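Here are my notes for your first look at this protein. Keep the structure open and check each point as you read.

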Amino acid sequence: MANLQTLFFESTSIGLLAASLSVEGVDDSDVNGHVPFDLLQKGTRIIIPLWPDSGVKDELWVMWRQDGVETRIFFEIYDPPASTPFIYFPLTPQQMSASGEALIYYRIWKRGGGNPDDSPERKLTIDHTPLLVLDEPRFPHATLWGYLNNKTIPPLVQGVTVIVPPTINKALPNDRAEVQWQGYYSLNGSGPPVAGTLGSWNKTLSQTDISNGYTVIIPFDPHVRLLVDNDSALVVYRLFRGGRLIGESKKGLVKIDRVTPGESWPSGLAVSSLNIDGDKEMTVRVKPLVFRLNAIRSGIKTVDAAVNDKLADESLPVSILDRGTITFTADKFLDPQDGDEIDVLYGKVGTTLTRLDRTYDLGLAAGRQYPVPIEVPSNLFPEEPTPAEPTRYEVRFELFKAGGGNADDSNPVEFVIDRTAPFEVKTPARRKNLPTPAVTLTNAPAAPARVLDEVWMTANPKLLCTVPVAYPLRRFDDTLRYFLISGTTVVTAFEGAVPATGSFEVDNAKLRELPNLTRISHAYEWADLPGNLSARSAAAPIFDLRLAQDPELIAPEVPKTDPDQSVHIYLDDMVANDVFAVVKQPLHGISTDDIKLFVEDAADPTNYVDFGTQKLGTTEVSFQLTYAGKLQTVFGNSTEPKEVKVWYEHIRDGRTLDSPETFIYLAFQHAGPGNPNLPDLTNPDLHLVTVTGASETANTILPGDRDKPGKVTVPVWVGLPYVVGGEQIDFYIDGKPAGTFLPFGGETEFEATIPADFIKALPTGEVDAYWTIKFVGSDKNVIKSLPQKVTVNAKKIDLLQPTIRIRTRDEISCFAMDNIAVDSWTLAMTIPKDAVNLPPNKSITVFFEAFSDAAATTPIPGTRDSQPYIIKAEGTADIAQVGTAAKFKLAQPVRGAVAFGKYWYETDIGGTQTSEPVVKLFDIINTSFEYCDRLIAPAP
């Protein structure tokens, strides 16, 4: 990326005045600014405190410097309310993608101009080294099954002991370890965490801690108290070095059940403590079986009993049985009372039922939730070894109103226990037999080669299979799982029920999920409706997979941005039409593969364009990156360089692979107003310049201007954006720089002085003048106006002055006139011979005009006259005639009138050249008051 000095205006900083910034999640006290590993993956935010005296159009830059390259990552013009204490900017994973040290600071341009205020630089240390995986923490007082309960020694009220294992070869002395505990209302650490149980404990490690591990005691209050029955906690510990996370342990799980058998609340706690956060209200209390003297069955059914999760065949899912309890329910009955109790009777259908060794106290009638769950141990319902069919059980409730009296019956609840998988035998000893025979492939590749290649794939969209279905106790809802296998790779190619024929199909796309160029085997297994899983059949080889190998894609190249994609793409490049993305031939590419190229906003995946599709062919594929409707769309109205990524889709047989990405920058931002002709850098909406010399003649340089300074101006046009420091106006005449103007805002006109030497050096004739606007220091994206034609006259030539006939007085009198005898007398002007400037046959024009003052500033109307003349041959005097009697008499209309005459000549020598005018007293009335033609002059 180019240094900012090539892109942006820079003023002289007057020191560090702005307050320090922060990076969210990075410890402010860490001078090296280690960025936590998780923030490198998900990003964070830059926090900038609002500066004092903030106001309209304050300009804020956020700067990033890494590896000696400084970039401006954010540019904003602010008018923030005073109530906004902080301003936030995202710091993305892409910005922090390179490991190393980075410096970040911000710069404020008050009201967009003046000298900038820089904040101190914040150092960030970026390290993408993967986190160390540490051994999980242990719980030395948990049972063999991972429980902490009321029999735990020491008692739970003294806290939970957690052992952090040794971290040899991973930690160093003075590293910091952080242990975190979090409780859950589940036995496996799933679901929402329990509010109030979170805690963390830090320790600076010694060599002993590293070698032997150490112990942390988790306090009972508040971290354990809220965890009562069928709950758990997850514990992890993390390792920090110098403020940077370097390792994280596997999660340690401990189960917590503080309910004593026969009771429905934790030992030693009041019943009120069981209603935790309104989420866990224990309405059923389990206690030892109540002996009821002389109690008999009423024979009246008053309770509706049911069992949860019963399947279509009345079996219970294996997953429920493995949980350890089966949930039966008792629905609402007539006249519920406090202390209602339920006994459970169970047994195989057709046998005498057994009374369960516990009684369920339903608690208070008020607020009781129905249906009431009755949890019964699942191990009471084993599948009997005989007969071969599943075992059918019955469960019935006896309800004792208020805990006494005779029992009301529930309906009997029947269900099936099926723990026998397909191909499994129950007697004489349970064993799972391998399913046989193997699956048959109807359209397998032909023997003896049995090679499955692209030809086979084209001809066979499906792999046609038949599985044997003649096995004992088969059900039509049994689920087949069919696997394709290569080494340790196992692909589930089919899962579902199959018809009585045993036929099923596998989409050939599944074959592409297997490692290519390997021998493929297959196997299968069955699962019945309750979830009993058979053994998997023996793997049998079926064919060798020899598909076309996937291409090893490489990122596209944009040669214009080399080296290392660090050169920006400018509008200048778009005009030159020389920006291309090149896709090199990948390993294992096929000439008929398709390549579809994309350019995408690195920060917005919805902002992208494609550049069409080409065949891969046999050489590199080149895509021209054009502006109109393409890169223009991606860049949008950005006011600073935009990072984009270039990538392509490699398409083969309907399968699409995405290439690696190449990141480049589009720098299409430009100074000045919008240009309707982009990428053409000439903006037709810009005003044309006006060039003037010392004579102030618009767009004309007169001969007399050629040795004096001039100026070039252009008005500020309607709709010009607010111009601030950072933009530069340059004027050009005849293709050469003629002046520069640095606007600071508020101007009505841009102006520059043209040095005299520049004007003197201009060629004679017509030249073009135009102006440009650009960012200071940049020679890219320079916006240019249309040309203004400027006429340049030749340099002034010192022509010899003309003369007239004079007698004694230095004045214009009748002695200077010719043709006095007639009424057409003229002033006779002698033109000096000048072989260089006035050669023979040179055309000139002679002039006369009368004035009322000696300075010749007030002309007398009607007296001006001009006449053409051609220079005579060498040796012949040049006498030119100018003026008429009538014009002369206007100069002296009456006796005593005072007038002055001016005479000169002009000629074209590379433009109009003028002799120095001669001014003399004009007097054509003699002492007899006669004009030169002897006619009487009127009296005043």
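**Notes on the predicted model**

1. Start with E424. At 15% relative accessibility, E424 counts as buried, since the cut-off for buried is under 20%. Its side chain meets that of R430 in a salt bridge, with 3.1 Å from N to O. R430 is partly exposed, at a relative accessible area of 39%. So this salt bridge joins a buried residue to a partly exposed one. Bear in mind that this is a predicted model.

2. Next, look at D594 and K615. They form a salt bridge, and their closest N and O atoms are 3.0 Å apart. D594 belongs to strand β40 (residues 594-601) and K615 to strand β41 (residues 608-615). The two residues are 21 residues apart, and the pair links distant parts of the chain.

3. Some salt bridges share partners. In this way K287, R292, E341, D343, R355, D361, R396, E398 and D409 are joined into one network. How many salt bridges does the structure hold? The count is 58.

4. Now go to E24 and R45. This pair also forms a salt bridge, with the closest N and O atoms 3.0 Å apart. E24 lies in the loop between β1 (22-23) and α1 (37-42), while R45 is in strand β2 (residues 44-49), so the salt bridge ties together parts that are 21 residues apart in sequence. Buried or exposed? E24 is partly exposed, with a relative accessible area of 33%. R45 is partly exposed too, at 35%.

5. Turn to the sheets. One open sheet has 5 strands in the order β31-β37-β36-β33-β34, and its pairing is mixed. Which strands stand at the edges? They are β31 (451-453) and β34 (489-496). Each has a single partner strand, so one side of each is left without a neighbour in the sheet. From one strand to the next, the twist averages 35 degrees.

6. Stay with β31. It runs parallel to strand β37 (residues 540-546), and 3 bridges join the two. Find L452 and look across: it stands opposite L545 in β37.

7. Strand β63 (residues 918-922) is worth a look as well. It runs parallel to strand β55 (residues 811-812), joined by 2 bridges. Here E811 stands opposite L921. Strand β61 (residues 899-908) also pairs with β63, but these two run antiparallel, with 5 bridges. In that pairing K902 stands opposite V919.

8. Check the cysteines. A disulfide is a covalent bond between the sulfur atoms of two cysteines. A search of the whole structure finds 1. It joins C814 to C932, with 1.7 Å from S to S. C814 lies in the loop between β55 and β56 (817-818), and C932 in the segment after β63, so the disulfide ties together parts that are 118 residues apart in sequence. The torsion about the S-S bond is about -90 degrees, so the disulfide is left-handed. C814 is partly exposed at 24% relative accessibility, whereas C932 is buried at 8%. C465 is buried too, with a relative accessible area of 2%.

9. Finish with E178. This residue lies in strand β12 (residues 176-184). E178 is buried, with a relative accessible area of 16%. What is E178 in contact with, leaving aside its neighbours within four places in sequence? The contacts of E178 are S200, W201, N202, V236, Y237, R238 and F240.

Notes: Residues numbered from 1 in each chain as written. Predicted model: local features only at pLDDT ≥ 70, side-chain atom pairs only at ≥ 80, totals over all residues. Heavy atoms only, no water. Salt bridge = Lys/Arg side-chain N within 4 Å of Asp/Glu carboxyl O. Helix = DSSP H or I, 4+ residues; strand = E, 2+ residues; numbered from the N terminus. Buried < 20%, exposed > 50% of the residue type's maximum accessible area, 1.4 Å probe, protein only. Pairing = 2+ DSSP bridges. Axes fitted to C-alpha atoms, helices over the stretch in contact; angles between N-to-C directions. Contact = heavy atoms within 4.5 Å. Disulfide = S-S within 2.5 Å.
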